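Here's a walk through the model on your screen, starting from the inside and working outwards. Keep the structure open and click along.

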Amino acid sequence: MSKQTILGRVTQLAKANINALLDQAEDPQKMLDQLIRDYTNNISEAEQAVATTIGNLRMLEADHAQDVAAASEWGGKALAASRKADELRAAGSVPDADKFDNLAKVALGRQMQSEKEARTAEPTIAAQTEVVDRLKSGLDAMHGKLTELQAKRDELVVRARTAQAQNTMMDAVKSIDVMDPTSDLNRFEEKVRREEAMALGKQELAASSLDAQFESLEDLGKTSEIEARLAALKAGKAGRAA
């Protein structure tokens, strides 16, 4: 996977409009589950690719540091050889002085080569650093997008369960028609009313029976009184005849 391909995928995924994708989905929850799986896999692949890119950058930086250090080291050797040549020349040892001057020239050539390699690597390092920074930012955005996807998925699941519970409740309410005389509720109410009516009938019947008994007692009392008065009349007449 090339750097441009990595960068393009990371940027595309990080900028994905979740709400727009959900609006186009027939089953948003399934689509979110699939997106989460895809995002997780893409993040894993991107992390590996970015890690490789970062590793290559660190190698370039290490090589550049070595070139800079080598240039400094060769510069020091060139200076030391030149000073030695000056000392020998001052002492009258021209051949040895020329020898050290030649060593100084070789060291300077090595210094120049190291400086050139260091300069050549600097634009590449700068470009790679920019790419790595953008990849890191893209990965951070992808992690944020994954968190957003997971939150959307959890929210959608809760909303779906709530809606399902509400629909179940409404279906249950609709299935009970309190105005329907054939419903279980009304049949039970009608049964209770019949039981109540029967109880009232029994009470009324019991009351009628008692009234009849009391009326019988009253009639018996009247008959006894009549008999007593008749006896009294007869007793009075009998007294007057004697």
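## The nonpolar core

Start with the largest nonpolar core, which has 14 residues. A nonpolar core here is a set of buried Ala, Val, Leu, Ile, Met, Phe, Trp, Tyr and Cys residues joined through side-chain atoms within 4.5 Å. Buried means under 20% relative accessible area, exposed means over 50%, and partly exposed is in between (1.4 Å probe, protein chains only). The residues with the most contacts inside this core are L32, L35, Y39, I43, L139, L146 and L149. Two elements, helix 3 (28-90) and helix 4 (94-174), give it two or more residues each. Helix 3 supplies the largest share, eight residues.

For a closer look, pick I43. Setting aside neighbours within four places in sequence, I43 is in contact (heavy atoms within 4.5 Å) with L139, M142, H143 and L146. As a general point, nonpolar side chains in soluble globular proteins tend to be buried together.

## How far to trust it

This is a predicted model, so local features need pLDDT of at least 70 and side-chain atom pairs count only at pLDDT 80 or more, while totals for chains, interfaces and linings use all residues. Residues are numbered from 1 along each chain as its sequence is written, and side-chain values use heavy atoms, with hydrogens and water left out.

The pLDDT score is the predictor's confidence in each residue, from 0 to 100. The chain averages 78, and 71% of the residues score at least 70. Confidence is highest in helix 3, at a mean of 89, and lowest in helix 1 (residues 3-14), at 53. Where pLDDT is low, the predicted coordinates should not be read in detail.

## The overall layout

The chain has five helices and zero strands. Both kinds of element are DSSP runs numbered from the N terminus: helices are H or I with at least four residues, strands are E with at least two. Of the 242 residues in the chain, 20% are buried. Among contacts between residues at least 6 apart in sequence, 77% join residues at least 24 apart.

One spot to click on is G75, which sits in helix 3. G75 counts as buried, at 18% relative accessibility. Its C-alpha is 8.7 Å from that of A104, although G75 and A104 are 29 residues apart in sequence.

## Salt bridges

How many salt bridges are there? The count comes to five, taking a salt bridge as a side-chain nitrogen of Lys or Arg within 4 Å of a carboxyl oxygen of Asp or Glu. Generally, side chains of opposite charge can pair when their charged atoms come close. One of the bridges joins E61 to R58, with the closest N and O atoms 3.1 Å apart. These two are three residues apart in helix 3, so about one helical turn separates E61 and R58. Both are partly exposed: E61 has a relative accessible area of 29%, and R58 comes in at 40%.

K145 and E148 also pair up, at 3.8 Å from N to O. K145 and E148 lie three residues apart in helix 4, about one turn of the helix. Is K145 buried or exposed? K145 counts as buried, at 14%, whereas E148 is partly exposed, at 32%. Elsewhere, salt bridges that share partners join R89, D98 and D101 into one network. Within that network, the R89 and D98 side chains meet at 2.7 Å, N to O.
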